[in-house]
Amino acid sequence: MKTDEITLHELNTEQFIEEKVKEISSLVGSGTAINALSGGVDSSAVTMLGHKALGKRLKTYFIENGLMRKGEPQKIVDLFKNHGVEVILLDAKEEFFNALEGITDPEQKREAITQTFYKSVFGKLVEESGAKYLLQGTILTDVDETVAGIKRQHNVFEQLGIDPQEAFGYKIIEPLVQLRKDGVREVAEALGLPASVYNRMPFPGPALSARVIGEATPEKIELVRQATVITEEILSDVDAFQYMAILHNDRVTGMRDGRRDFGLQIEIRCWNSIDARTATPTNLPYETLMELSGRILEEVPGVVSVTYNIASKPPSTMEAI
Ligand code: XMP
């Protein structure tokens, strides 16, 4: 597949879809393929492209890694059912939490997710199903940041000199790798996906484990999941590229019921950005910030500190790990 960039200005969505459907069909031939749907705009667009090209010869899975947002797995399965795509929900929570156990380094966490996803979970699925291809929604920004050594995005291999066939036993097809997020949104809309999908805020492959600093235990993931519900509810009307809650590793002294409470810290980030390459913090009203802190302090157990990040990318990145 081609890898040269197609800018939003150059993109002709109908032509792009037609070309990619043809390419997927000719690569897979009469064989079968599988793909993982997370419900984000990239994997959703790939799912629709793949089904256009292969129909029932593409099997789509939602991998329940235990790191997703509240209610997400079933919501995505139901949404795609309404679009005529059957999604198989696969419970792999235990595998992911076992792989994350004891890991605190951000890049090692990303690597643990990558290996669990591609080697353990998909390796097994490919072997069982006899599929030779995995379709996935890598975009150009993922490749750029990984190759530049900024962050190991979970879905980049060949550009790092890793041959998926050798490493995992199957080939990877990346139909969106010429696009950035803005282009993928246009393609997703042209594929008939609803605005709730094509306008969807990005969510990282390592999911909530990217938002727990230090070890991502099931307990910590649950805390950041609760803070995420509140953050997404309160900021849903804000015109921003992406917003998130992050659970810190360090504790700070607080007080509760008149006693010392050495408690947890949640950091909120809300970004303005066009394509995630650079970003600035959104100028949120003070009342909104107070609503966020009030609800998080009240509803997320053990939290005594809530902060709002005011650093830009660069030198910050959007996710905390
Ligand atoms: P950073 O943190 O690198 O994030 O400034 C830029 C954009 O990429 C998303 N992100 C990821 N997406 N796999 C993904 O598919 C990943 O491993 C990953 N890490 C970060 C992030 O949410 C933001 O939109």
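A polar contact is a pair of N or O atoms within 3.5 Å. The views below show a predicted model.

**View 1. Polar atoms of the protein lie beside the ligand in this predicted model.** A polar side-chain atom of E145 is placed 2.6 Å from an oxygen atom of the ligand, a distance that falls within the 3.5 Å cut-off. R110 also brings a polar side-chain atom to the ligand, 2.8 Å from an oxygen atom. G205 takes part through its backbone: one of its N or O atoms lies 3.2 Å from a nitrogen atom of the ligand. On its own the ligand has 500 Å² of accessible area, of which the protein covers 93%.

**View 2. Sixteen residues surround the ligand.** Among these 16 residues, those that come nearest are E145, K151, Q242, K313 and E319. Two of these names return in the next view, where the side chains of K313 and E145 are in polar contact.

**View 3. K313 is a buried lysine in the segment after strand 10.** Strand 10 spans residues 303-308, and K313 lies in the segment that comes after it. The relative accessible area of K313 is 9%; K313 counts as buried because this value is under 20%. The side chain of K313 makes a polar contact of 2.7 Å with the side chain of E145. A polar atom of the K313 side chain also lies 2.6 Å from the backbone oxygen of A276. Leaving aside residues up to four places away in sequence, K313 touches E145, W271, A276, R277, T278, A279 and M318.

**View 4. Helix 3 has its buried residues on the same side.** Helix 3 is formed by residues 72-81, and its buried residues are E72, P73, I76, V77, L79 and F80. These residues are on the same side of helix 3 because they cover an arc of only 165° around the axis. They pack against two other helices, helix 2 (41-54) and helix 9 (195-198), and against two strands, strand 2 (58-64) and strand 3 (87-91).

**View 5. Strand 7 and strand 8 form a hairpin.** Strand 7 comprises residues 252-256 and strand 8 comprises residues 259-272; the two run antiparallel and are joined by 5 bridges. Within this pairing, V252 stands opposite G263 of strand 8. The hairpin has 2 residues between its strands, and D257 in the turn has a positive phi of about 50°. In a regular strand, side chains alternate between the two faces of the sheet.

Methods
Residues numbered from 1 in each chain as written. Predicted model: local features only at pLDDT ≥ 70, side-chain atom pairs only at ≥ 80, totals over all residues. Heavy atoms only, no water. Helix = DSSP H or I, 4+ residues; strand = E, 2+ residues; numbered from the N terminus. Buried < 20%, exposed > 50% of the residue type's maximum accessible area, 1.4 Å probe, protein only. Polar contact = N/O pair within 3.5 Å; in protein donor to acceptor, adjacent residues only side chain to side chain. Contact = heavy atoms within 4.5 Å. Arc of directions from axis to C-beta. Pairing = 2+ DSSP bridges. Near = heavy atom within 4 Å. Areas by Shrake-Rupley, 256 points an atom, 1.4 Å probe, with all protein chains shown as cover.
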